[in-house]
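Visitor: Hi! I'm new to this one, could you walk me through it?
Guide: Happy to. Let's put it on screen and start with a term we will need.

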Number of protein chains: 4
Amino acid sequence: MSEAGLLRQVPNHEQAKALDVLTPKERASRLATEFAKTAVERDQAGGTPKAERNAIRESGLLSLMIPQSLGGLGQGWQPTLEIVREFARVDSSIAQVFGFQHLMLATVRLFGTEAQWKPWFRQTAVNNWFWGNALNPLDLRTSSSIEDGAREFHGKKSFCSGATDSDMLIASALDAETGKLLIAAIPTARKGITLHHDWDNIGQRQTDSGSADFEHVRVEADELLLDPGPLSTPFACLRPLIAQLIFSNIYLGIAQGALAEARQYTLRQSRVWSGSLASDIQAEPYTLLHYGEFWVGLEGARLLTNHAAELLDAAWNKAESLTLEERGELAIAVTAAKVATTKAGLDITHRMFEVTGARATTAALRLDRFWRNLRVYTLHDPVDFKLKELGDWALNQQYPTPSFYS
Amino acid sequence: MSEAGLLRQVPNHEQAKALDVLTPKERASRLATEFAKTAVERDQAGGTPKAERNAIRESGLLSLMIPQSLGGLGQGWQPTLEIVREFARVDSSIAQVFGFQHLMLATVRLFGTEAQWKPWFRQTAVNNWFWGNALNPLDLRTSSSIEDGAREFHGKKSFCSGATDSDMLIASALDAETGKLLIAAIPTARKGITLHHDWDNIGQRQTDSGSADFEHVRVEADELLLDPGPLSTPFACLRPLIAQLIFSNIYLGIAQGALAEARQYTLRQSRVWSGSLASDIQAEPYTLLHYGEFWVGLEGARLLTNHAAELLDAAWNKAESLTLEERGELAIAVTAAKVATTKAGLDITHRMFEVTGARATTAALRLDRFWRNLRVYTLHDPVDFKLKELGDWALNQQYPTPSFYS
Amino acid sequence: MSEAGLLRQVPNHEQAKALDVLTPKERASRLATEFAKTAVERDQAGGTPKAERNAIRESGLLSLMIPQSLGGLGQGWQPTLEIVREFARVDSSIAQVFGFQHLMLATVRLFGTEAQWKPWFRQTAVNNWFWGNALNPLDLRTSSSIEDGAREFHGKKSFCSGATDSDMLIASALDAETGKLLIAAIPTARKGITLHHDWDNIGQRQTDSGSADFEHVRVEADELLLDPGPLSTPFACLRPLIAQLIFSNIYLGIAQGALAEARQYTLRQSRVWSGSLASDIQAEPYTLLHYGEFWVGLEGARLLTNHAAELLDAAWNKAESLTLEERGELAIAVTAAKVATTKAGLDITHRMFEVTGARATTAALRLDRFWRNLRVYTLHDPVDFKLKELGDWALNQQYPTPSFYS
Amino acid sequence: MSEAGLLRQVPNHEQAKALDVLTPKERASRLATEFAKTAVERDQAGGTPKAERNAIRESGLLSLMIPQSLGGLGQGWQPTLEIVREFARVDSSIAQVFGFQHLMLATVRLFGTEAQWKPWFRQTAVNNWFWGNALNPLDLRTSSSIEDGAREFHGKKSFCSGATDSDMLIASALDAETGKLLIAAIPTARKGITLHHDWDNIGQRQTDSGSADFEHVRVEADELLLDPGPLSTPFACLRPLIAQLIFSNIYLGIAQGALAEARQYTLRQSRVWSGSLASDIQAEPYTLLHYGEFWVGLEGARLLTNHAAELLDAAWNKAESLTLEERGELAIAVTAAKVATTKAGLDITHRMFEVTGARATTAALRLDRFWRNLRVYTLHDPVDFKLKELGDWALNQQYPTPSFYS
């Protein structure tokens, strides 16, 4: 029986004790090893990776970035993003919902008051709450109004990653009166919320990024994130950068995973083509050229991603004292990481077959999942416009205007 | 009911009469329209496209390149390849088995004697025989020996595209005594042949390119293609070039199909990203840039492919008088077409999503099938070594050495 | 003494007789051979290639596309452009002024009346007139007004390629009253015209593309090209397409010349790098890969360019019956050729040093001139906007709007 | 009068005092500002930049990496390479000879005994000695033998960068008896050494990388670097990595300089092309796209280069305790930096004209010098084989075999 399976069987407190001796990184590595075993079949199946989500819950890693004073593991963004990346190497769907967990926590931290986020952080740590996403600024179909003295969210929403099987939701709606974007943190079980199991995509197949219905869902006043509110202060404007840097780490992880699998395949099964001067695939000039190109692209992307994470930790620690310029500098670093991981990752997942050969296309291996996952995920927002932002910086020394995508 | 369906219901001679009034190109267009309707679901299902194969049989197009004097449609390679390409736009699996039909016919024409290929051509035209492939020069597991005075083929074979549901097979084996490659044309129903339904791949999912077992399969003397035999004369050496040019036409067709679907999606559903100076996707600068790059890559590939087909028709008509130099010139043209269609096609099928946006990744559309199909098929033999051949020509004025891949 | 030198010494009628036995293509080849001998030193020197211009005059090739009925050589656009391309292989400055000769002749043919262009064609054939350019639609500094009953052109002009040492000029000015673009054909010796020898550029150094002053230059009524006038009918709108296709042929020629010189250098002087599996540069895998990439890029560009030239000849022969759609189809073909020759050419001239090695960078060879010439010339109008036009066609089925650049 | 000029006029001790108050970085910035003023004209002139070499001498920067205990400025490799990079932004020839200064000092440190390098370091610091290169492992024409009891170097040598106007030389010869590579440090003025002023190249025009003659040049025993000798210990094997990392920093500096000049040109002089949706070049979508691509390429290359420099400082400080594995890790980092700076730099210097437009090709600006300099210098050893080394690492976990290029 798998280790994750074993963990799930022992009583919670025993298991917690067993886990306590492991560093967060070690716990993540164990989980990743488990996830890898079923990643191929779960890519085919789609749907909700319930067992894996539970294993994450039990690992305690959902409170990775929650301060120790609030019961969490107290990690910074760098180790948190490293773990997102590690999951992405073997299963980018799980990496996405795990990354979103921390994006949702960051959202309440950045948009809400201490009186709001501290209790939520504490309860998350205690209960291993999984947070899901129902915030989609491009989907204007959910509106909010006051009915009988109580605020309601009502309408439809698409791309609700990680909402299924979540405990808490970050949801958005447009104020029917003012048109202003309202964001709330509410229990997923709240009456009126229906999550549809309608996510069926060519990639990221276990992210449950389907649609939701909000039927006159009541939202309490203290669940609304109004102070300072979305994208208000420079510090609050870190939210989209955290999102984009989570994406970058996942793109990078996918690429690293693809390269690792390609390498194993080449070493074990690839054959030298007739006409090569090499007698051995390990010395084949074109094969080595491809691997060299993969390496240098990935290594540059890795350093850019790490550099952005360093700046993020610094900015996060500055909290409300963060300036717009410091936020801008981070934005450029994050954007460069996003573009570089996109380009290097797509190149590797697209061309990895040229270093494995035709037989690696058997459906049994589903090696195309790396490309499908990355292809889908990198479309979140267009890379052309990321390049445009970098160009605006390079030419005009203009930082990106904060928005939900920049 | 679909037209193809209707055609399949009417008695053969009535239908033949109905088809007689259509040009081969018109018949192909009708079939392609039918194939398109179910291409997405059949990509998912995999397996043998029996109904579609029968519709091709009934269309008479299996004898497209068989001379009219032998009962065929008497078309040259240019129109034949155009039809392969047209099928590939909507269904590259069918295009592959249809292309292989003509490669198999070319094989008996090029490697055999007039006394052999003429009757086979005639019977193919009369009976709408579908020919399948069991010739794989890299798979050395089938050997041939003389047992009790009769020649037998015995052993396993992989990548037998189009063998399932075929009427005739081109099969290869190594002479157990001499090590020489023997090629034979035999009925698929011949005792001892087992075709396995074990093709499950990430792309080209309905080509039945699975494995086969030959259990002491008897091969008659007049079924062996010994005169002039494989890759013997310059004319016989056209065989791999025909194969490669069929591939190029399929690659091109896949790319054209991908571009056409991307275009429809962009026009109907894509939205301008915030930050664009355009108010309308049809005027969006980056979208137009991508389409422009797709166009110029594809147009160059198209001209190279057509140019090679012209040279092929000329070479084919020269028959035994073809010189090695003329064969070499054609080889360079075919190789350039192969590389250009590979590069342009992979670029389009990989990047088409950047002009459609994230929503186009829904599994309902399976737009990734273009990339999966092309990705798989372009690995048939490595493009690096095609470039090397072109380099050998450009630098050393050396034509490719004839082989089953060049 | 060089053959061109010899030709220049013999009396005109003798020489003409000698040349008469040569086809235009043979004459061009002889000239190209001569030009090649001094191309390196003339690239360094810059200025006007007077001896070479005279040799072209004496060759009769200035009337290459003038109908035989008017004393010319009666060639179509395809052979004319082939000769432009052949010159470009060895000297792209000369190719440019030679190409402009035919663009200027096309300008009077397309924008003027038969009563205008026939005599000019005839005189060009008789006197071997060289035509230069003083038409620059982006330079608005020359205006035209009627002074004392006579029309004058007055003002400055930049980028007057081939004006120095020309016999006739195509000049443009803006009508001071209406703002309309006026184009005239006038003798270069006309009073008031000063051509400055101020062209000093990193490439295309002998095109004399410097500036000019028009000081109250008188322009006669029958020198103005008003009927049908610039960019009026679909046929008149061929002018920019001819310009762009001349450019494409020059880009292609530069790339072919670069590849030819790279090849000679590799074969004669390049050495295998330590660590290569090859013992001989002719078998070096990476070297062959580069050459293969060069070849396939160039071959696609060549076919696109030839295809556009075929369409141009057809459009030219349709004359006033040419439709906007036929013009549009040609525009797309020309634009694709322009983009493909730009991309393939820049790639080769930029990377050719990777197949020659470090020693090929000696100033004695000036191998950088291919890149410098192409880099400069391909900036004539931005390739990004050519791709945009192709995108507008691919996505919206919209032909380019006729202008002086499209 | 320029500051550098002023500095050269004041007496040495006054000037030294004035300089003493400046940090090394400030001194370098002042020099760079001066170099920039004449870089264009000196690129045209070629030859030895005597005034600039003297200004470097007077700046004290020639002893940048010499320990303070030996009279030097005591800087590590990171600040040293930063200054090499800063010079390269404005003048890559000077950057090369300045970089070679430190490579030569590293050579005596790595290949010689403490008794050798300490005095040389001290004298270099005292006398502002400039060191030049006459070590070329691929040029086998200089041999060494013992004549009349004294060792001599005799023969020719090519590519002797920075030898002209140097005070000391690192010279190599093959032992006539054993074939072993001998390396010595000798005064440039030593009898029998003739340096030819025959460097005339398309780029890096003021590096004096010409040829030399050694006519029975006497070499004393204590001038030979025999202990530990070339490429002996892991630490000694740092030499080629230092060389390659100096190159990377120069490539990066060239690219940064090119981008800076392109930017100034775009902002001041470029115009929006008709057909753009932007009214202002600063908002032009394609222009911004190019700048964005330049930025992300350069930023990745910059981080890779800095990362390698960090590892180099660590390895340098480990000295003889450096392991082969640590050396291997550094080699991979350096190689990745080399490839990334080569690719990003060539892309920028090649395409920068697409964001400036045609007028930026005037010879007055000589903007092509960035491409010419980088094109020449990146050919030092083939980037294909650097990619192969990275591939060997990525696929086989094999570090590069130490050599004079790896």
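Guide: Buried area is the accessible area that two parts lose on being put together, summed over both. Please keep in mind that this is a predicted model.

Visitor: Okay, what area is buried between chain B and chain A?
Guide: About 3,700 Å² is buried between chain B and chain A, and carbon and sulfur atoms give 66% of that. On the chain B side, W273(B), H350(B) and F385(B) supply 19% of the area buried against chain A, more than any other three residues.

Visitor: How many residues does the contact take from each of the two, chain B and chain A?
Guide: Chain B brings 41 residues to the contact, and chain A brings 41 residues as well.

Visitor: And how many salt bridges are there between chain B and chain A?
Guide: The count is two salt bridges. R375(B) pairs with E354(A) in a salt bridge, where the closest N and O atoms are 3.1 Å apart. Across this interface there are also 18 residue pairs in polar contact.

Visitor: Which elements of chain B give two or more residues to the side that touches chain A?
Guide: Those are helix 9, helix 10, helix 11 (368-377) and helix 12 (383-396) of chain B. Helix 11 of chain B gives the most to that side, with five residues. Sorted by class, the side of chain B that touches chain A has 17 nonpolar, twelve polar and twelve charged residues.

Visitor: Let's move on to chain D. What does its contact with chain B take from each chain?
Guide: Seven residues come from chain B and seven residues come from chain D. The area buried between chain B and chain D is about 590 Å², with carbon and sulfur atoms giving 80% of it. Within chain B, L277(B), P285(B) and Y286(B) lose the most area to chain D, and together they make up 77% of what that side buries.

Visitor: What about salt bridges there, how many between chain B and chain D?
Guide: The count of salt bridges between chain B and chain D is zero. By class, the side of chain B that touches chain D has seven nonpolar residues, no polar ones and no charged ones. There are still two residue pairs in polar contact between chain B and chain D.

Visitor: Back to the big picture: how many salt bridges does a search of the whole structure find?
Guide: That search finds 107 salt bridges over all chains. Some are joined up: in chain A, a network of salt bridges links K50(A), R53(A), R57(A), D165(A) and D167(A).

Visitor: Can we look at single pairs? What do the side chains of E34(B) and K37(B) do?
Guide: The side chains of E34(B) and K37(B) meet in a salt bridge, at 2.9 Å from N to O. They sit three residues apart in helix 3 (residues 24-45) of chain B, so about one helical turn separates them.

Visitor: Is E34(B) buried or exposed?
Guide: E34(B) counts as buried because its relative accessibility is 12%, which is under the 20% cut-off. Its partner K37(B) is exposed, with a relative accessible area of 54%.

Visitor: What does E293(B) form with R351(B)?
Guide: E293(B) forms a salt bridge with R351(B), and their closest N and O atoms are 3.1 Å apart. This pair links distant parts of the chain: E293(B) is in helix 9 (residues 285-318) of chain B and R351(B) is in helix 10 (residues 324-351) of chain B, 58 residues apart. E293(B) is partly exposed at 23% relative accessible area, while R351(B) counts as buried at 15%.

Visitor: I'd like one residue up close. Where does T342(B) lie?
Guide: T342(B) lies in helix 10 of chain B. T342(B) is buried, with a relative accessible area of 3%.

Visitor: Which backbone oxygen does the side chain of T342(B) reach?
Guide: The side chain of T342(B) reaches the backbone oxygen of K338(B), at 2.7 Å. Leaving aside residues up to four places away in sequence, T342(B) touches Y251(B), T378(B) and V383(B).

Visitor: Last one: how many disulfides does a search of the whole structure find?
Guide: It finds zero disulfides over all chains. As for individual cysteines, C237(B) counts as buried at 3% relative accessibility, and C160(C) is buried with a relative accessible area of 1%.

Note on methods: Residues numbered from 1 in each chain as written. Chains lettered and ligands numbered in written order. Predicted model: local features only at pLDDT ≥ 70, side-chain atom pairs only at ≥ 80, totals over all residues. Heavy atoms only, no water. Salt bridge = Lys/Arg side-chain N within 4 Å of Asp/Glu carboxyl O. Helix = DSSP H or I, 4+ residues; strand = E, 2+ residues; numbered from the N terminus. Buried < 20%, exposed > 50% of the residue type's maximum accessible area, 1.4 Å probe, protein only. Disulfide = S-S within 2.5 Å. Contact = heavy atoms within 4.5 Å. Buried area = accessible area lost by both parts, 1.4 Å probe. Polar contact = N/O pair within 3.5 Å; in protein donor to acceptor, adjacent residues only side chain to side chain. Nonpolar A, V, L, I, M, F, W, Y, C, P; charged D, E, K, R; others polar.
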